[in-house]
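Colleague: Before we discuss the model shown below, may I ask that each term be defined when it first appears?

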Amino acid sequence: MKIAIIDADLIGRTKHRFPNLACMKISSYYKSLNNDVTLKTDYNNIEVFDKVFISKVFTDTPVPDDVLELPNIEYGGTGFYYDKAPKLPDVIEHCKPDYHLYDAYVNRQVSLGFKREKYKDYLQYSIGFLTRGCIRHCSFCINKLESSIKVYSPLECFLDDERGDDGKLVRPYIYLWDDNFLASDPDVWRSLLKQLIATKRPFQFRQGLDERMLAQSPYGEEMAQLLAKSKYHGDFIFAFDNWRDRELIEKALEKI
């Protein structure tokens, strides 16, 4: 089949700096079945494709209504369904992402004069979730209906080991989109942090870590020590969602 994948946020937003993980997994799955897969960066002539998959993260990203009505279109993601977004089939969800899906797009942007470093999120990172879920029920969050945190994907499912001609890792960094990693069971975050440290690759939690766990958990000191020992990439990003948690946040900052 001839398949197009559309990252709607890439088309509809003026500032967009990270790849769509669902798009990358869909691409990986259909390429594994020997289909011809293309990342399409517009909505022109999409009727020539056997299937077109559209995904978006943000609810305010525009997608033409007439496009969504075409018979060859399938669409999904939090941008369409918010907290009711259907999950990908397991056979796709647990594919290793297609880390080359955005290559042509990045090369085209570079040819237009943009610096390659601007697209490092597309080029330098293995991306995935180790855990999913949250316990906080924040009203503004797509995880507001979640009540627990579960192990989601083994690290090796999305860790990319490709090396360039120079023998160096093409993607030397890892970033994680876990919803609330530190609120998982102690045996879970402890084991997974040690696995991340063992890779010797710099990693970062992009969704933010729940700083309140450092202050309230009896394991807060251990959490802080493991994070301090890790080869962390960039800034530690912490959630500070409610002003009433100020004292807890200050207590956690002292640990950090």
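Modeller: Certainly; a disulfide is a pair of cysteine sulfur atoms within 2.5 Å. This is a predicted model, in which local features need pLDDT of at least 70 and side-chain atom pairs count only at pLDDT 80 or more, while totals for chains, interfaces and linings use all residues. Residues are numbered from 1 along each chain as its sequence is written, and side-chain values use heavy atoms, with hydrogens and water left out.

Colleague: How many disulfides does this rule give?

Modeller: The sulfur of Cys134 has its closest cysteine sulfur in Cys138, 6.3 Å away, which is too far for a bond. For Cys157 the closest cysteine sulfur belongs to Cys95, and the separation of 9.2 Å is again too far. The number of disulfides by this rule is 0.

Colleague: Is Cys157 buried, exposed or partly exposed?

Modeller: Buried means under 20% relative accessible area, exposed over 50%, and partly exposed in between, with a 1.4 Å probe and protein chains only. Cys134, at 11% relative accessibility, counts as buried. Cys157 has a relative accessible area of 23%, so its class is partly exposed.

Colleague: Which residues does Asn143 contact, leaving aside neighbours within four places in sequence?

Modeller: Asn143 lies in the loop between β6 (131-133) and β7 (149-151); strands (E, at least two residues) and helices (H or I, at least four) are DSSP runs, numbered from the N terminus. Its relative accessibility of 12% makes Asn143 buried. Contact means heavy atoms within 4.5 Å. Beyond those sequence neighbours, the contacts of Asn143 are Cys134 and Asp179.

Colleague: In what order do the strands of the open sheet with parallel pairing stand?

Modeller: Two strands pair if DSSP finds at least two bridges between them. Strands of a sheet pair through backbone hydrogen bonds, either parallel or antiparallel. This open sheet has 4 strands, paired in parallel, in the order β2-β1-β3-β4.

Colleague: Which strands stand at the edges of that sheet?

Modeller: An edge strand here has a single partner, so one of its sides is left without a neighbour in the sheet. The strands in that position are β2 (36-39) and β4 (73-76).

Colleague: By how many degrees are neighbouring strands of this sheet turned against each other on average?

Modeller: Axes are lines fitted to C-alpha atoms, for helices over the stretch in contact, and angles run from 0 to 180 degrees between N-to-C directions. For neighbouring strands of this sheet the direction is ignored, and the average turn is 20 degrees.

Colleague: What angle does the direction of helix α2 make with that of β1?

Modeller: Helix α2 (residues 21-32) packs on the sheet and touches β1 (2-7), β2 and β3. Its direction and that of β1 make an angle of about 170 degrees.

Colleague: Which residue of β4 stands opposite Phe53?

Modeller: Strand β3 (residues 51-55) is largely enclosed by the rest of the structure, because 4 of its 5 residues are buried. β3 pairs in the parallel sense with β1 over 5 bridges, where Ile3 stands opposite Lys51. With β4, β3 pairs in the parallel sense over 4 bridges. In β4, the residue opposite Phe53 is Glu74.

Colleague: Which residue of β8 stands opposite Ser126?

Modeller: Ser126 belongs to strand β5 (residues 125-128), which runs parallel to strand β8 (residues 173-176) and is joined to it by 4 bridges. Tyr125 has Tyr173 as its bridge partner in β8. Opposite Ser126 in β8 is Ile174.

Colleague: Which residue of β9 stands opposite Ile174?

Modeller: β8 pairs in the parallel sense with strand β9 (residues 203-205) over 3 bridges. Opposite Ile174 in β9 is Phe203.

Colleague: What is the relative accessibility of Ser126?

Modeller: Both faces of β5 are covered, with Tyr125 and Ile127 buried on one side and Ser126 and Gly128 on the other. Not counting residues up to four places away in sequence, Ser126 touches several residues, among them Tyr99, Phe158, Asp160, Arg171 and Arg201. Ser126 counts as buried, with a relative accessibility of 0%.

Colleague: What percentage of the 256 residues of the protein count as buried?

Modeller: The protein has 11 helices and 11 strands. Its C-alpha atoms fill a box of roughly 60 × 45 × 35 Å along the principal axes. Among contacts between residues at least 6 apart in sequence, 70% join residues at least 24 apart. Of the 256 residues, the buried share is 46%.
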